[in-house]
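Subject: The structure we talked about

Hello,

Here is the structure I promised to pass on, with my notes underneath. Have it open while you read, and tell me if anything is unclear.

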Amino acid sequence: MTERIVLRGLKRVDGTYMDLVVEDGIIAGITEAGASRGGDIIDYTNTETYVSSGWIDLHVHAFEEFDPYGDAIDKIGVEQGVATVVDAGSMGADRIGDLRGQAERAATNVLALLNISKIGLMRTDELSDLAWIDPAAVREAVAEHQDFIVGLKARMSRSVVRGSGIEPLKQARALSDDTGLPVMVHIGSAPPGIEEIVPYLQRHDVITHYLNGKANNLFRDSGEPLRVLTDAIARGVHLDVGHGTASFSFKVAESAKRHHIPLHTISSDIYRGNRLNGPVYSLARVMSKFLYLGYSLAEVVASVTTHAADWLKKPELGRIQAGDRANLTLFEVRKEPIELTDSEGDVRIGHQHLVAKGVFANGKYVACEVRPEARH
Ligand SMILES: [Zn+2]
């Protein structure tokens with residue numbers, strides 16, 4: 001027998017209302033609010049519950065066993081209203097199959113960027129020994145896990161590369177050209193210097209942590225973006241927030257907005273430690289920081305839906321369309337003060353924040369855990 005659920009009176013980010021009908025996990029109908037009949041009706045009328053396509057977090061660490069950079073998939077996925085997570089290089093060729101095995105048991109959709117270091121984040125200086133970059137192993141992993149691996153990851157900062165300098169990035173570039181997969185490059189402290197790193201990136205490659213407040217970042221002290229950044233944007237390089245424990249600065253984000261640097265994807269760089277103790281907590285909390293910065297709700301939601309889906313070349317994950325498997329996030333915009341802390345310890349008070357209420361991931365509904373202090 002068909003399971004038919006009518007989600008009545010949901011609000012779109014453009015302010016209009018609709019009913020959504022989900023049958024056996026497939027979006028079966030989209031109508032005016034109040035017009036859908038039959039099945040189990042869940043009535044959201046007068047609750048100001050928003051719906052968007054399922055949120056996508058383009059930078060997470062989803063391999064539970066790893067410490068510090070790991071966490072349980074559904075804790076950082078569906079339980080936070082995130083339908084799809086992209087693991088950003090926790091795994092290299094040695095153990096990508098282990099992550100895939102866990103992904104298959106999770107409710108959250110999982111995709112992965114393959115660390116060019118075969119050991120992945122088993123240790124946090126994974127590019128300090130060039131022997132850990134094994135091009136043949138990368139090619140084999142990519143061939144074996146074609147529908148799982150969506151790109152490569154290279155972490156280009158001092159504590160990761162140590163004496164290897166820029167060499168890992170040269171190899172990442174070659175592997176990207178070879179496999180046809182884009183590379184996400186993590187930036188942080190020098191060496192290597194930022195002006196040496198960015199010119200290697202091409203259209204569809206990603207700079208993650210682009211709003212970090214470290215000395216080696218993409219902005220001058222005056223707030224002016226570096227030429228390497230504006231050049232990279234012009235040639236189609238993708239910018240990803242990757243908030244993390246140490247990589248998001250309000251001051252830098254304000255400079256970026258003032259200088260009209262485009263907002264491509266908001267992502268969390270979430271793992272156990274920064275989920276439980278902050279400053280990340282959740283993708284919703286990171287998104288709320290961009291509402292505080294003055295981006296519209298539509299811009300903020302697009303940065304975790306259409307923009308991420310377009311980068312993934314999976315448009316079906318970024319739209320609400322009859323016939324598609326349901327990937328949806330239901331959320332509220334709570335109009336109440338919220339303390340927002342960046343990675344530099346800078347605290348701001350926002351006047352509204354996002355709270356995930358539920359999510360359909362790959363057709364299955366999961367209610368979200370609401371943090372107790374967020375209830376009232
Ligand atoms: Zn990360």
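A residue is called buried when its relative accessible area is under 20%. K153 has a relative accessibility of 1%, so K153 counts as buried. Please keep in mind throughout that this is a predicted model.

**The annotated site**

Why start with K153? UniProt, in an unreviewed entry, places the feature "binding site" at K153, H186 and H209. These residues span 57 residues in sequence, yet no two of their C-alpha atoms are more than 12.9 Å apart, so they gather at one spot.

K153 sits in strand β9, which covers residues 149-156. Leaving aside residues up to four places away in sequence, K153 touches H59, A88, G89, L113, L114, N115, I116, V183, M184, H186 and T208. There is a polar contact to look at here too: a polar atom of the K153 side chain lies 3.1 Å from the backbone oxygen of A88.

H209 belongs to the loop between β11 (206-208) and α7 (227-234). Its relative accessibility is 2%, so H209 is buried as well. With the same sequence neighbours left out, H209 touches H59, H186, I187, D240, V241, G242, S247 and D269. H186 and H59 are thus on the list for K153, and both are on the list for H209.

**The strands around it**

H186 lies in strand β10, on a face together with M184. As a general point, side chains in a regular strand alternate between the two faces of the sheet. In β10, V183, V185 and I187 are on one side and M184 and H186 on the other, and they are all buried. Five of the five residues of this strand (residues 183-187) are buried, so β10 is largely enclosed by the rest of the structure.

Which strands does β10 pair with? On one hand, β9 and β10 run parallel and are joined by five bridges; one of the pairs is L152 with V183 of β10. On the other hand, β10 and β11 also run parallel, with three bridges between them, and V185 has I207 of β11 as its bridge partner.

**The zinc ion**

Which residues hold the zinc ion? H59 (NE2), H61 (NE2) and D269 (OD) coordinate it, at 2.0 to 2.4 Å. Along the sequence, these donor residues follow the spacing H-x1-H-x207-D. H59 and H61 are both buried. The zinc ligands also meet the annotated residues: H59 is in contact with K153, while H59 and D269 are both in contact with H209.

D71 is another residue worth a look, since it is buried at a relative accessible area of 2%. D71 is placed in the loop between β6 (55-60) and α1 (73-76). Among the residues D71 touches are the zinc ligand H61, and also Y271, R272 and R275.

**The overall layout**

The domain assignment splits the protein chain into domain 1 (4-52 + 321-367) and domain 2 (55-317). Their centres, taken over C-alpha atoms, are 26 Å apart. At the contact between them, 28 residues of domain 1 meet 34 residues of domain 2.

Best wishes

Technical notes: Residues numbered from 1 in each chain as written. Predicted model: local features only at pLDDT ≥ 70, side-chain atom pairs only at ≥ 80, totals over all residues. Heavy atoms only, no water. UniProt positions renumbered as here; feature names shortened; annotations may be inferred. Helix = DSSP H or I, 4+ residues; strand = E, 2+ residues; numbered from the N terminus. Buried < 20%, exposed > 50% of the residue type's maximum accessible area, 1.4 Å probe, protein only. Contact = heavy atoms within 4.5 Å. Polar contact = N/O pair within 3.5 Å; in protein donor to acceptor, adjacent residues only side chain to side chain. Pairing = 2+ DSSP bridges. Donors = N, O, S within 2.8 Å, 3.2 Å for Na, K, Ca; no water. Domains from an automatic or database assignment.
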